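Trainee: Hi, have you got a few minutes to go through a model with me? I'd like to start with the strands and then wander a bit.

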Amino acid sequence: MALSFSRLNAATSLVAIAGALGIAAPAAAQSDGQATTTTATTTDNSPQGDDIVVTAQFRGQKLQDVPIAITAMSGEQLSERGQITVADLGGYAPNVTLRAASATYGPSVVAYIRGVGQRDTTFALEPGVGIYVDDVYLPTLHGSMLNLLDLERVEILRGPQGTLAGQNSIGGAIKLYSKKPDGSTDGFLSATYGSYNRVEIRGATNITLIPDQLFARLSGAGVRKDGYVTRLDYACTHPGSTVPSSVVGNGCKLGTQGGKDYVAGRLALRWLPTSRITVDLTGDVTRDSSEDGPTTLLYVGRNAAPGSTLTGVATPVAAPYVLNGNVYGTATGSPFISYSPFGPYAQDTYTNSPYVNYENNTNLAPRDGSAPWAAPNRASINSWGVAGTITAELADKVTLTSITAYRKFDGVYTSGDGSPLSPTIQANAIYNRQFSQEVRLTAAIGDILNVTVGGFYFDKRSRNRSRVTLTTLDFIEDNSVPARTKAGFINAELTPIPQVTLIGGLRYTDQTKSFIYGRLGVPGSSSGGAVPPSLASLNGLVGKYAGDRFDYRGAVQFRPSSELMVYGQISTGFKGGGINPRPFFPAQALPHQAETLTAYEAGFKSDLFDRMLRLNASAFINKYDNILVSVSSCPFAPVTPCALPLNAGKADVKGFEAELSLRPLRGLSIDASLAYLYFRYTSISAIAASSGIGLEDKGVYISPWQWSVSAQYKIELGSAGTLTPRFDVAHEDAFNRNSNNVDAATGGRDIFGLVPGRTLLNLRLTYATSNGDWEISGEVRNATNKLYYTDIFDNRGSTNSIQGSPGEPRTWAVTLKRNF
């Protein structure tokens with residue numbers, strides 16, 4: 001059962017429902033059932049009081065007792081930090097990169113853990129970080145920018161989770177767990193207003209339907225917010241230009257990018273038919289009509305031969321690059337660039353702003369002679385799903401858990417280059433439906449042995465239909481991707497003596513996937529609607545991938561005292577293979593193999609000084625094989641256009657992580673993290689070497705250093721309540737997003753694929769009444785107004801241009817919250 005909303009413009013409709021039912025924000029997850037129900041409680045004095053029970057090993061355990069590098073956050077901690085989406089988690093979990101994807105890849109998150117992940121959202125490629133909601137696997141990066149509302153906790157597991165989570169958790173896993181209904185009075189309603197006309201309503205409430213037996217929890221959220229990148233009409237702002245105008249009405253503003261407009265609702269039911277059986281049913285729906293992602297043009301230049309531009313200096317076009325009779329770029333820059341971090345390539349002086357572009361999402365003169373067309377200014381996802389979790393205690397310490405789920409989504413998103421000439425414009429429609437079934441049997445023999453055995457079945461079918469315009473091609477693609485996975489697993493924990501636990505796990509996975517190419521012509525084109533000749537033989541072609549694999553895990557943990565636990569482990573994982581989804585010629589329709597990884601890790605978890613200080617740390621060496629990268633210069637003719645994923649070779653990835661929680665005074669809490677990551681290729685495949693990749697190149701999305709510091713102090717005001725100031729600061733070093741990023745001869749770095757580092761500061765002040773019923777919070781995010789880019793899209797291989805996705809500038813917001 002699910003709530004239903006049409007569009008979010010009606011945040012007011014959500015307010016009305018909130019008033020009637022006491023509703024709340026969309027939730028995110030649940031544990032395996034009543035036997036592993038978790039709660040997160042907080043005290044003002046000790047990290048131990050903040051202890052969160054996690055279910056990473058299929059049963060409820062305290063965070064400090066699990067020999068895995070886990071960052072766990074309660075729903076209260078998320079609220080204190082103002083974290084509202086999955087992307088907000090990345091800066092505060094060591095060696096975790098979570099960022100909004102560039103507009104080219106639609107409404108999604110780029111997810112990397114310890115340098116392993118995926119940025120490309122195509123259904124043909126698998127994620128490298130598993131994302132789970134209510135223990136239900138989400139198989140696509142599309143729609144992965146999840147809302148963090150009404151959560152019980154978040155678990156971020158670092159390192160391969162091949163046995164515990166399964167396929168595509170080669171880098172790690174992110175698991176969201178929502179509050180479950182019970183008989184308590186646990187609800188809230190909040191309203192937010194802030195920068196860019198941000199209006200946000202959230203709420204949640206419990207409802208007892210049958211005392212001691214049937215409970216419900218209703219959650220919801222509505223958000224509306226203007227975009228922070230302004231789209232201007234170039235002809236309007238530059239009178240006399242030969243660029244056609246797209247403006248309608250008065251003024252030069254066409255619209256914005258980055259705006260949000262969605263509503264979401266969730267209904268959770270918990271039925272307790274007997275003392276040994278728990279049934280959890282959930283239904284959720286999201287209706288999202290948000291704007292397309294923020295994009296600005298940063299560079300225009302021809303793509304040279306592999307490796308020849310990697311000298312640390314720019315190589316723009318030597319002669320003017322002309323499209324439809326207008327100059328797109330020259331040796332000194334482009335008239336459509338307002339700001340560029342790469343050098344003096346901004347020739348537009350109208351604004352000199354990094355938050356302005358001249359994107360019109362319109363092709364007024366298609367090069368194939370077809371009629372003018374416009375792409376929708378949206379990046380939207382409409383989704384719904386139902387899930388059922390049954391937990392039955394078959395005997396003392398013997399529990400059977402069944403998790404069944406069906407989910408479906410469709411979406412529309414647009415990407416362009418940030419200029420009015422439309423050298424590239426894509427209008428994409430995406431569809432996905434999935435069914436999953438997981439069964440687990442968990443048994444314990446005293447305090448000596450815990451065993452979980454289970455099976456997993458997964459079936460999905462995805463489709464994308466896109467109108468694609470490139471510098472030399474205009475066509476429609478219509479691809480289908482059916483996939484199926486079957487798996488069986490076992491995890492055992494043996495404690496022969498109280499201080500020592502031996503852990504072993506094994507999972508067998510069988511995976512099959514097909515990619516069915518659809519390539520169609522554009523009706524009304526000069527070819528009479530025929531498929532472009534270079535693509536004609538791709539239409540109807542079927543590429544297939546099939547593979548099976550055993551993953552294993554072995555660990556030893558030792559607790560010499562109640563304050564310290566040390567562990568060592570070896571674990572494996574994989575990311576499934578596939579086929580190139582974007583061949584421009586039949587010769588580029590090449591398969592790639594599955595990535596594999598073996599990790600060696602040691603660490604400790606400690607609670608010191610009467611639990612005033614918590615310090616957890618880990619160090620690891622990853623043996624990473626068949627690394628999948630994408631290249632924009634193919635290793636065979638024709639070299640461009642090209643967007644080829646290939647297995648580059650092997651690498652060693654090394655690093656360490658530390659997390660600290662300090663409670664030195666009543667009401668004062670300090671949290672910090674530090675991470676280091678080092679990547680080195682140890683061998684290069686022949687096809688990668690032919691594409692310009694060498695041993696000197698660095699891994700993508702590898703930030704050598706990451707750190708964060710957070711602190712808050714709750715000031716007691718007696719009967720007047722409390723006042724809590726807080727700051728959060730997070731730093732990530734620069735990283736490469738291009739696979740061939742170092743010149744072998746000179747050692748120069750590819751400046752065009754380097755995403756600069758960033759240090760972001762957020763401030764928050766919260767007042768709460770003495771009984772905690774009312775709260776009012778003021779926040780400033782990106783308080784220093786730092787200009788940074790969440791990602792850069794180097795499209796020189798197809799359209800001779802580079803786009804950037806600027807992050808949000810400084811913003812403010814005020815939130816009023818009523819707890820009941």
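Trainee: How do strand β27 and strand β28 pair, and over how many bridges?

Mentor: Happy to help, and keep in mind that this is a predicted model. Residues 449-469 form β27 and residues 474-497 form β28, and the two pair in the antiparallel sense over 21 bridges.

Trainee: Nice. What joins β27 to β28?

Mentor: A hairpin, which passes through four residues.

Trainee: I want a landmark for my figure. Which residue in β28 stands opposite G454?

Mentor: That would be F489.

Trainee: And which way does β28 run relative to strand β29?

Mentor: Antiparallel again: β28 pairs with β29, residues 500-516, over 14 bridges. A hairpin makes that link too, through two residues. For a landmark there, A492 is opposite G504 in β29.

Trainee: How many bridges join β28 to strand β30?

Mentor: Two, with β28 and β30 running antiparallel. The β30 strand covers residues 519-520, and its R519 stands opposite E477.

Trainee: Let's move back along the chain. What do β24 and β25 form?

Mentor: They form a hairpin with two residues between them. Residues 379-395 make up β24 and residues 398-416 make up β25, and their antiparallel pairing has 16 bridges. T389 faces I403 of β25 across that pairing.

Trainee: Which residue in that turn has a positive phi?

Mentor: K397, at about 65°. Most residues other than glycine have a negative phi, which is a good reason to look at that turn.

Trainee: What about the other partner, how many bridges join β25 to strand β26?

Mentor: There are 19, and β25 and β26 (residues 425-445) run antiparallel. One opposed pair there is D410 with Y431 in β26.

Trainee: Which other residues with positive phi could I look at?

Mentor: F58 and D150 are good picks. F58 is not a glycine, yet its phi is about 75°. D150, also not a glycine, has a phi of about 60°.

Trainee: Where is F58, and is it buried or exposed?

Mentor: F58 sits in the loop between β1 (53-54) and β2 (61-62). Its relative accessibility is 4%, so F58 counts as buried.

Trainee: Where does D150 lie?

Mentor: In the loop between β8 (136-138) and β9 (151-158). D150 is buried as well, because its relative accessible area is 7% and the cut-off for buried is under 20%.

Trainee: While we're on backbone geometry, which residues does a cis peptide bond join?

Mentor: A637 and P638, with omega at about -10°. You'll find P638 in the loop between β37 (628-631) and β38 (644-647).

Trainee: Change of topic. Where is Q569, and what does it touch?

Mentor: Q569 is in strand β32, residues 564-575. Leaving out residues up to four places away in sequence, Q569 touches P67, R553, G554, A555, A599, Y600 and E601. At 9% relative accessibility, Q569 is counted as buried.

Trainee: How far apart are Q569 and I68 in sequence and in space?

Mentor: They are 501 residues apart in sequence, and their C-alpha atoms are 8.6 Å apart.

Trainee: Where is V247, then?

Mentor: V247 is in the loop between α3 (234-237) and β15 (253-257). Its relative accessibility is 24%, so V247 counts as partly exposed. Beyond residues up to four places away in sequence, V247 touches D233, C252 and L254. V247 and N360 are 113 residues apart in sequence, with 8.8 Å between their C-alpha atoms.

Trainee: Zooming out, how many helices and strands does the protein have?

Mentor: Four helices and 50 strands. The radius of gyration is 26 Å, close to the 28 Å that the globule rule gives for 820 residues, so the protein is as compact as a globular protein of that length.

Trainee: How much of the protein is buried?

Mentor: Buried residues make up 60% of the 820. The accessible surface comes to about 29000 Å², and 59% of that belongs to carbon and sulfur atoms.

Trainee: Last one: how many positive and negative side chains are there?

Mentor: There are 70 positive and 68 negative ones, and the centres of the two sets lie 3 Å apart.

Notes. Residues numbered from 1 in each chain as written. Predicted model: local features only at pLDDT ≥ 70, side-chain atom pairs only at ≥ 80, totals over all residues. Heavy atoms only, no water. Pairing = 2+ DSSP bridges. Rg over C-alpha atoms; globule rule 2.2 N^0.38 Å. Buried < 20%, exposed > 50% of the residue type's maximum accessible area, 1.4 Å probe, protein only. Areas by Shrake-Rupley, 256 points an atom, 1.4 Å probe, with all protein chains shown as cover. Lys, Arg positive; Asp, Glu negative; His and termini not counted. Charge placed at Lys NZ, Arg CZ, Asp CG, Glu CD. Contact = heavy atoms within 4.5 Å.
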